[in-house]
Amino acid sequence: MIDSHAHLNDARYDDVPQIVSNMHADGLKKIVVVGYDVDSSFRALELAKEHKDIYCAVGVHPSDCAELSDSQIDSLVELCGHEKTVAYGEIGLDYYYDTVDRAVQREALIRQLYAVKRTGLPAVFHLRDAYEDMENIIREHRDCLSGGAVMHCFSGSKETALKYVDMGFYISFSGAITFKNAVKAPEIIKALPLDRILVETDCPYLTPVPHRGKLNYPTYVRFVAAKVAEVLGKSVEEIEEITEQNTYNIFTKMKR
């Protein structure tokens, strides 16, 4: 399996070498460690350099974009030139927490979309409670996404998911689909083309059932795949194979 979105660069992990050394025993082939600000992006790439089967994405999350400078964006673009950097992200809009002014978030997103265009890499998007603004910005800047895109940890409607699939996006699901209140998830999963589905942990967040309430780990991505398999009436092995192939298809710099 591949965990397509993890934050092993988070300070809560003091056992990263052990996590990585256990990867294959845990059934994991690759982990994509994703940056959420400049420092964590540098840390993500350092982890990718240190470990053969770790890759990274670099970018600034909407909740961390208040002080985003042009020089920082230039630094992130430079990181994208490394062979282990497979995407630019995570970037996007988050109106749920509203910790950064919405206009500032929109401006930072657009500036980072131009950065994505400079790299030619896929973009990884964070979207929460900002559906109309995100769609308008994406449609206006479609030319920045020649490398493709992922809507990570998707929590919107079926209609929104299908709009993004029509724009060429992959839709990624996290442990949140295992929660009892995830009533929309089965309908969305059933509506999507199989070749557009990814699985992730978004660890340390959104730990799936049966470990909810504890620290999340990349190995728990198997519970996400199991839920997708259950919804679609397929074997876990088939979903693992499909989502693994999809991850390679979008993150084309990732070596098999």
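**View 1. An aromatic cluster made of Tyr 13, Tyr 217, Tyr 220 and Phe 223.** This is a predicted model, and a search through the whole of the structure turns up six aromatic pairs. Take Tyr 217 and Tyr 220: their ring centres sit 6.1 Å apart and their planes are at 90 degrees, so this pair is edge-to-face. Are the two partners buried or exposed? Tyr 217 is partly exposed, with 23% relative accessible area, whereas Tyr 220 comes out at 13% and is buried. The cut-off for buried is under 20%.

**View 2. Arginines over aromatic rings: Arg 212 on Phe 179 and Arg 256 on Tyr 248.** Arg 212 lies over the face of Phe 179, 3.6 Å from the ring centre. In the other pairing, Arg 256 lies over the face of Tyr 248, and here the distance to the ring centre is 4.3 Å.

**View 3. Helix α6 (residues 158-166) and its buried residues.** Which residues of α6 are buried? They are Thr 160, Ala 161, Tyr 164 and Val 165. These residues span an arc of only 140 degrees around the axis, which puts them on the same side of α6. Their cover includes the strands β5 (123-128), β6 (149-151) and β7 (169-173), along with the helices α5 (131-140) and α7 (185-191). After α6 comes Gly 168, with a positive phi near 95 degrees.

**View 4. Helix α3 (residues 70-79) and what its buried residues pack against.** Ile 73, Leu 76, Val 77 and Leu 79 are the buried residues here. Looking down the axis of α3, you find them within an arc of 155 degrees, so they line one face of the helix. They pack against two helices, α2 (38-50) and α4 (102-119), and two strands, β3 (54-58) and β4.

**View 5. The largest pocket, with about 870 Å³ of space.** Its lining takes in 31 residues, and those nearest the centre are Arg 128, Cys 153, Ser 155, Ala 176 and Leu 206. Which elements give two or more residues to this lining? They are β4 (85-94), β5 and α7. β5 makes the largest contribution, with three residues. Leu 206 is worth a second look: it lies in the loop between β8 and α8 and has a positive phi of about 55 degrees, although it is not a glycine. Its relative accessibility is 29%, so Leu 206 counts as partly exposed.

**View 6. The largest cavity, with a volume of about 30 Å³.** The count of cavities of 30 Å³ or more comes to one. What lines the largest cavity? The lining consists of Ser 4, His 5, Val 124, Val 150, His 152, Ser 172, Glu 200 and Phe 251.

**View 7. Asp 94 in strand β4 and its contacts.** Asp 94 is buried, with a relative accessibility of just 3%. Leaving out residues up to four places away in sequence, Asp 94 touches His 61, Pro 62, Ser 63, Gln 105, His 126 and Arg 128. For scale, Ser 172 is 78 residues away from Asp 94 in sequence and 17 Å away in space, C-alpha to C-alpha.

**View 8. Leu 194, in the loop between α7 and β8 (197-199).** At 30% relative accessibility, Leu 194 is partly exposed. Setting aside neighbours within four places in sequence, its contacts are Leu 232, Lys 234, Ile 239, Ile 242 and Asn 246. Of these, take Ile 242: it is 48 residues from Leu 194 in sequence, yet their C-alpha atoms are 7.4 Å apart.

**View 9. Backbone oddities: cis peptide bonds at Gly 89 to Glu 90 and Val 209 to Pro 210, and a positive phi at Asp 129.** The bond from Gly 89 to Glu 90 is cis, with omega near 15 degrees, and Glu 90 lies in strand β4. The cis bond joining Val 209 and Pro 210 has an omega of about 20 degrees. Pro 210 is in the loop between β8 and α8 (221-232). Asp 129 sits in the loop between β5 and α5 and has a positive phi of about 55 degrees without being a glycine. Asp 129 is partly exposed, at 41% relative accessible area.

Definitions and conventions. Residues numbered from 1 in each chain as written. Predicted model: local features only at pLDDT ≥ 70, side-chain atom pairs only at ≥ 80, totals over all residues. Heavy atoms only, no water. Phe/Tyr/Trp six-rings, centres within 6.5 Å; stacked < 30°, edge-to-face > 60°. Buried < 20%, exposed > 50% of the residue type's maximum accessible area, 1.4 Å probe, protein only. Lys NZ or Arg CZ within 6 Å of the ring centre and 35° of its normal. Helix = DSSP H or I, 4+ residues; strand = E, 2+ residues; numbered from the N terminus. Arc of directions from axis to C-beta. Contact = heavy atoms within 4.5 Å. 1 Å grid on protein atoms, 1.4 Å probe; cavity = no way out; pocket = protein on both sides within 12 Å on 5 of 7 lines; lining within 4 Å. Points joined across faces, edges and corners; volume = space filled by probe spheres on them.
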